Amino acid sequence: MRHAVLVSGLCVLAAVPPVLAVVGTSAARPAPHEAAALTGRRAPADAPRTVEYHGLRVAVPAGWEVHHLDRDPSRCVRYDRRAVYLGRPGPRPDCPARLVGRTEAVHIQPERVRPAGHGRASRTVVHGDGLATLTIPPTVDHEARLTVPEAGVTITGVYGTDPAGLQRILRDIRLNLTANLKPHPNADPHPNADATVRPRAASTRDIPHDTPFPPEDSAAAPVLARPWVRGKGFDTCTAPSLAAMRAWRPSFKVTNIYIGGAARGCAQPNLTEGWVREVRDMGYRITPTYVGLQAPCGSRPQRFTAKNAASQGAKAAVDAARKARSLGIPEGAPIYYDMEAYRSKNKPGCRAAVLRFVDNWVRRLKAKGYEPCLYSSVTSGIRDVGRADGISRPVGVWFANWDGRAKVYGDPSIPDDWWRPHRRIKQYRGGHKERHGGVTLNIDSNIVDGRVY
């Protein structure tokens with residue numbers, strides 16, 4: 001699968017005067033705010049300052065936070081806050097259970113072989129003298145990724161609704177070509193020991209990843225190939241380390257992963273094709289979820305409109321299929337669209353836009369070979385889609401109703417004859433911490449009798 005340059009079209013102008021991007025050495029002392037950033041002391045968040053990492057000098061806008069992940073490995077790389085993150089996240093970032101929505105944020109880390117959840121062509125290599133005229137067009141996932149070979153780093157930038165702000169920040173990054181650009185002490189290509197994929201053991205349950213799922217009535221289908229499962233599940237904002245997944249396996253059968261989307265709120269440092277393979281080898285089933293644009297009457301700034309609902313639903317499906325394939329998730333597997341709660345009462349135009357979006361998500365994702373499913377609140381997206389006529393319906397649903405009842409049927413807001421059999425997941429409890437096998441995670445709780453990979 002091919003991406004447009006830099007996720008969905010990042011372009012770099014070819015003719016760039018080197019003087020724009022090169023910072024020379026100087027004997028002058030740095031300003032107090034710059035000295036604080038370079039020495040690791042926290043500068044006031046409301047003051048503009050400059051930080052340096054791997055020879056890159058980053059002008060941090062006023063009001064932005066700066067986090068050094070090498071010194072704070074449990075820090076969650078959040079895309080819903082204006083911040084600059086430097087270094088690799090630790091194997092167990094302390095993230096909330098659920099973050100939806102984005103603003104401008106920048107993450108700079110030592111270059112890795114392949115970014116999580118993206119194809120090989122999802123990056124653009126930019127030399128130090130190319131940043132000053134960098135161009136970031138709008139992309140379907142509101143994300144840009146590039147490498148700077150001279151510094152040996154990858155820069156990931158995300159934005160809320162307009163890439164112009166992120167573009168200004170990236171253009172202001174300067175490369176000090178006179179700096180001693182030795183490999184960073186944390187530039188180990190395998191920094192997280194418990195994230196290293198172990199060799200796969202031969203098993204009669206081992207299913208080739210390019211094999212579509214068999215029909216659910218196939219009695220001889222191995223357990224891991226059956227397209228549905230019953231059991232307890234959990235979801236959390238960022239994919240946990242493999243060590244954490246092993247510790248939690250005796251307590252849970254199903255886990256969720258957020259594979260992409262313009263409103264995905266957390267980075268995914270652990271999520272790779274190897275992670276997916278290893279977690280399935282542990283016996284987990286997975287609900288791949290895409291967190292894209294939200295309803296026009298929703299609370300998140302990343303929204304589709306009544307005018308572009310159909311086209312955006314189709315674009316989301318194409319991008320979700322691409323992200324799933326890059327993680328080794330085969331055709332025939334489900335992908336859930338995360339449509340957060342919205343208020344459509346007395347707003348028929350908003351409800352109609354949601355239905356057009358879902359209709360096109362379903363039709364285009366089916367054409368791409370995947371099973372289109374939907375996550376939403378039981379009193380908004382699930383209810384509206386369930387009652388609608390004349391649209392293509394999701395194959396399965398994952399509905400949120402935090403009433404504490406771990407039952408997929410008997411909910412007064414969703415008739416029992418909707419999406420059955422084996423087509424339902426219920427998120428019955430919101431964000432909270434649980435501890436299993438000595439590992440604590442912040443999760444939402446789910447009960448599953450539905451479509452999974």
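Here are some exercises on this predicted model, each with a worked solution.

## Exercise 1: Getting an overview

Take stock of the whole protein: what are its secondary structure elements, and how much of it is buried?

Start with the elements. The protein has eight helices and 19 strands. Next, look at burial: of its 453 residues, 57% count as buried. Then turn to the surface, where about 18,700 Å² is exposed and carbon and sulfur atoms supply 52% of that area. Last, check the contacts. Among those with a separation of 6 or more, 68% are between residues 24 or more positions apart.

## Exercise 2: Where to be careful

Find out how confident the prediction is, and which stretches have a pLDDT below 50.

Begin with the average: the protein has a mean pLDDT of 82, and 76% of the residues score at least 70. Now go to the start of the chain. Residues 1-41 have a pLDDT below 50, and the model gives this stretch 80 contacts beyond near neighbours in sequence. Residues 113-122 also deserve a look, as their pLDDT stays under 50. For them, the model has 31 contacts beyond four places in sequence.

## Exercise 3: Checking a helix

Work out whether the length of helix H7 agrees or disagrees with what its residue count predicts.

Step one is the count: H7 covers residues 348-367, which makes 20 residues. Step two is the expected span. The rise of 1.5 Å is multiplied by one less than the number of residues, so H7 should span 28 Å. Step three is the comparison: the end C-alpha atoms of H7 are 29 Å apart, which agrees.

Which residue follows the helix? That's Gly369, with a positive phi near 100 degrees.

## Exercise 4: What H7 packs against

List the buried residues of H7 and name the elements they pack against.

First, pick out the buried positions. They are Cys350, Ala353, Val354, Leu355, Phe357, Val358, Asp359, Asn360, Trp361, Val362 and Leu365. A bit of background helps when you read that list: an α-helix has 3.6 residues a turn, so residues three or four places apart point the same way.

Second, look at the partners. The buried residues of H7 pack against three strands and two helices: strands E14 (285-290), E15 (334-339) and E16 (371-377), plus helices H6 (309-326) and H8 (381-387).

## Exercise 5: Tracing the disulfides

Find the disulfides, and say for each which parts of the chain are joined and whether the link is right-handed or left-handed.

There are three to find. Let's go through them along the chain.

1. Cys76 and Cys95 have their sulfur atoms 2.0 Å apart, and they form a disulfide. The angle about the S-S bond is 100 degrees, making the link right-handed. Cys76 sits in the loop between strands E4 (65-68) and E5 (83-86), and Cys95 in the loop between E5 and strand E6 (105-110), so the pair ties together parts 19 residues apart in sequence. Both Cys76 and Cys95 are buried.

2. Cys237 is joined to Cys266, again with 2.0 Å from S to S. This link is right-handed too, with 110 degrees about the S-S bond. The pair links distant parts of the chain, 29 residues apart: Cys237 is in the loop between strand E12 (228-235) and helix H4 (242-248), while Cys266 is in the loop between strand E13 (254-260) and helix H5 (273-281). Cys237 has a relative accessible area of 3%, and Cys266 has 0%.

3. Cys297 and Cys350 are linked with an S to S distance of 1.9 Å. The torsion about their S-S bond is about -75 degrees, so this disulfide is left-handed. Cys297 lies in the loop between E14 and H6 and Cys350 in helix H7, so the pair ties together parts 53 residues apart in sequence.

To finish, number the bonded cysteines along the chain: the pattern is 1-2, 3-4, 5-6.

## Exercise 6: Classifying by accessibility

Decide whether Cys297 and Cys350 are buried or exposed.

The cut-off you need is that buried means under 20% relative accessible area. Cys297 comes in at 15%, so that residue counts as buried. Cys350 comes in at 8%, so Cys350 is buried as well.

## Exercise 7: A glycine in H8

Describe the surroundings of Gly386 in helix H8.

Check burial first: Gly386 has a relative accessible area of 11%, so this glycine is buried. Leaving aside residues up to four places away in sequence, Gly386 touches Arg393, Trp418 and Trp419. Finally, compare sequence with space: Gly386 and Ile414 are 28 residues apart in sequence, and their C-alpha atoms are 8.2 Å apart.

Terms used: Residues numbered from 1 in each chain as written. Predicted model: local features only at pLDDT ≥ 70, side-chain atom pairs only at ≥ 80, totals over all residues. Heavy atoms only, no water. Helix = DSSP H or I, 4+ residues; strand = E, 2+ residues; numbered from the N terminus. Buried < 20%, exposed > 50% of the residue type's maximum accessible area, 1.4 Å probe, protein only. Contact = heavy atoms within 4.5 Å. Areas by Shrake-Rupley, 256 points an atom, 1.4 Å probe, with all protein chains shown as cover. pLDDT = per-residue confidence, 0-100. Disulfide = S-S within 2.5 Å.
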